[in-house]
Amino acid sequence: FLAFSRLTRDMIALRWQLLLLLLVGTTGDEISVVVSKKVFEKRFQGHSYDKWRDFVKAAGEQDNPGGEARLKAGFTLLFAASATVTVGTIIHYVIGKEFAAPCTAWVVILILLMYAAAVFVYCMATYADPAQRVVTNLLFGLVPWCVSCASYLVAVQLVDACRGLRNMTHEPIAEAPEPEPPQSIAWLTGGRRSSSVQDLQLSLEDFSCDLRFGLLLAVLPSLGISIWFTRSYATGFTGVGTFFDVLALCLFVDVWRLVMHTSLLLAPSWTFPKRLSQDNADVPGLFKLTFLLCVAWLVALVLMKRHATGVGFTDPIKIHVLACLASYVFFFVSLVLAMHYNAAIFKERLNFQPNALTATFLCMVWAIAACMLLTATIFNATEPNTIGILAMVASILHAASTFSDSVPGCIAMMVASTVMTSMFVLFSVHYAAEVRDAIG
């Protein structure tokens with residue numbers, strides 16, 4: 001009996017030890033360490049680590065930020081905001097009308113490029129230091145932003161110079177003198193009356209073809225820098241449910257700008273119409289292109305996720321952040337398109353009544369929410385899941401208040417919604433893992 005009692009006690013103790021080890025191992029596995037090949041060869045090759053936390057500590061703080069890392073991030077944002085405001089104030093002083101001259105725009109371009117170069121040199125010098133990694137993770141994003149602003153200014157100046165050369169090679173035609181540009185953009189014209197800057201006062205669809213082409217080319221430098229940085233540097237960090245990667249944000253915005261400028265060049269009236277038609281016949285192509293771009297992003301990210309290696313575009317943190325950004329924009333644009341097509345198809349063509357229109361719109365909202373939940377399942381993301389659940393809850397409450405005239409009717413609607421959501425819970429319990437593994 002004593003031997004059996006001792007054996008039982010030992011088995012219980014062993015069970016608790018295994019359970020504790022499982023919990024610790026699960027918690028540790030949630031921390032992912034992403035390092036580049038150069039960092040591995042310089043700091044890890046030839047070294048051994050007995051404990052996982054020692055390796056995480058040596059790898060740096062970008063993937064497991066604690067309180068001190070968050071303090072660094074806060075001061076970095078403060079520094080970046082202060083430096084950017086300082087540069088903006090200098091530019092504002094330079095473009096004052098008392099300093100406006102033909103070279104003013106080029107001076108502003110030089111200031112922006114010097115600011116970008118200074119930030120880049122600092123990030124390159126401190127990137128290898130793990131203590132500075134959180135700082136460089138955020139400051140890297142200033143480089144594509146400054147280059148983008150400078151590229152737009154260069155495009156305007158080059159288009160204006162090409163127009164001047166073209167006017168010199170052709171005989172001038174007597175025309176009414178063009179009005180002087182407003183003082184707010186006088187520094188861009190350099191004192192010239194005939195300038196591409198005059199187009200900036202028009203709507204986007206009235207931009208001339210050469211200016212639209214110049215603005216398209218202006219996207220390429222910052223896009224190239226974003227791609228280069230994304231392939232070369234790991235700037236993402238995660239911890240306590242926080243995911244962020246500034247280069248992923250820059251890449252997402254630059255790709256969107258490239259698509260929009262390409263569409264503006266080829267079909268300006270379709271992309272940015274001057275005014276919507278009175279019969280609500282169509283929606284600006286901007287929303288349709290953005291919707292398709294988000295879908296393309298999500299499909300590409302699913303393929304990238306299958307081959308995630310932790311470097312460049314296959315960095316799991318970058319994939320996660322890009323998926324979240326695409327889902328945010330997808331949700332907003334989908335709601336806009338749902339409202340438009342609900343009115344254009346079901347109201348204008350099929351003459352649905354208000355209650356029927358509400359029902360069709362809520363069905364669209366549920367379909368959009370289902371896409372958000374699917375995205376959250378594939379990429380293991382909390383943010384799309386939260387948005388999808390909130391959209392479903394809001395639609396349920398709106399349906400209960402719209403389609404019931406009494407308290408019993410509202411209760412009946414809520415009971416029906418509860419039954420439906422319980423089916424979703426049952427489906428998620430038994431099939432969510434299989435769906436995620438099959439797709440992602």
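Met 423 is found in helix α16, which covers residues 407-439. In this predicted model, Met 423 has a relative accessibility of 55% and therefore counts as exposed, since the cut-off for that word is over 50%. Met 423 belongs to a nonpolar patch on the surface, together with Val 407, Ile 411, Val 415 and Val 419. Taken together, the five residues of this patch offer about 490 Å² of accessible area.

A view of the whole chain helps to place such details. The protein chain has 16 helices and two strands. Of its 440 residues, 40% are buried. The accessible surface comes to about 25,200 Å², and carbon and sulfur atoms account for 70% of that area. Contacts can also be sorted by how far apart the partners sit in the sequence. Among contacts in the protein chain with a separation of 6 or more, 69% are between residues 24 or more positions apart.

Aromatic rings give a good example of partners from distant parts of the chain. A pair of aromatic rings is described by the distance of the centres and the angle of the planes. The count of aromatic pairs in the model comes to nine. In one of them, the ring centres of Phe 120 and Phe 229 are 5.6 Å apart and the planes meet at 5 degrees, so this pair is stacked. The two residues are 109 residues apart: Phe 120 lies in helix α5 (residues 104-126), while Phe 229 lies in helix α9 (residues 209-232). Phe 229 is buried, because its relative accessibility is 1% and the limit for a buried residue is under 20%. Both rings are also part of one aromatic cluster, which consists of Phe 120, Phe 140, Trp 228, Phe 229 and Tyr 233.

Helix α5 also holds Tyr 122. With a relative accessibility of 36%, Tyr 122 counts as partly exposed. Leaving aside residues up to four places away in sequence, Tyr 122 touches Gln 132, Val 135 and Leu 139. Another distance can be read from the backbone: the C-alpha atoms of Tyr 122 and Thr 136 are 8.2 Å apart in space, and these residues are 14 residues apart in sequence.

Charged side chains come next. The model has two salt bridges. One of them joins Asp 245 and Lys 318, with 3.2 Å between the closest N and O atoms. This pair links distant parts of the chain, as Asp 245 sits in strand β2 (residues 242-245) and Lys 318 in helix α13, 73 residues apart. Both Asp 245 and Lys 318 are buried. Asp 254 and Arg 257 form a salt bridge too, with an N to O distance of 2.7 Å. Here the partners share helix α10 (residues 246-266) and are three residues apart, about one turn of the helix. Asp 254 and Arg 257 are likewise both buried.

Helix α13, which spans residues 316-347, also contains His 320. At 7% relative accessibility, His 320 counts as buried. Apart from residues up to four places away in sequence, His 320 touches Phe 243, Phe 379, Asn 380, Ala 381 and Glu 383.

One of these partners, Asn 380, leads to a point about backbone angles. Most residues other than glycine have a negative phi, and most peptide bonds are trans. The phi of Asn 380, however, is near 55 degrees, a positive value in a residue other than glycine. Asn 380 is located in the loop between α14 and α15 (382-402), and at 63% relative accessibility Asn 380 counts as exposed. Asn 351 also has a positive phi, of about 55 degrees, although Asn 351 is not a glycine. The loop between α13 and α14 (354-379) is the place of Asn 351. Asn 351 is exposed, with a relative accessible area of 55%.

Finally, the cysteines can be considered. A disulfide is a covalent bond between the sulfur atoms of two cysteines. The structure holds zero disulfides. Cys 162 counts as partly exposed at 46% relative accessibility, whereas Cys 250, at 12%, counts as buried.

Methods: Residues numbered from 1 in each chain as written. Predicted model: local features only at pLDDT ≥ 70, side-chain atom pairs only at ≥ 80, totals over all residues. Heavy atoms only, no water. Patch = residues over 30% accessible without salt bridge, like charges linked within 9 Å, V, L, I, M, F, W, Y side chains within 5 Å. Areas by Shrake-Rupley, 256 points an atom, 1.4 Å probe, with all protein chains shown as cover. Salt bridge = Lys/Arg side-chain N within 4 Å of Asp/Glu carboxyl O. Helix = DSSP H or I, 4+ residues; strand = E, 2+ residues; numbered from the N terminus. Buried < 20%, exposed > 50% of the residue type's maximum accessible area, 1.4 Å probe, protein only. Disulfide = S-S within 2.5 Å. Contact = heavy atoms within 4.5 Å. Phe/Tyr/Trp six-rings, centres within 6.5 Å; stacked < 30°, edge-to-face > 60°.
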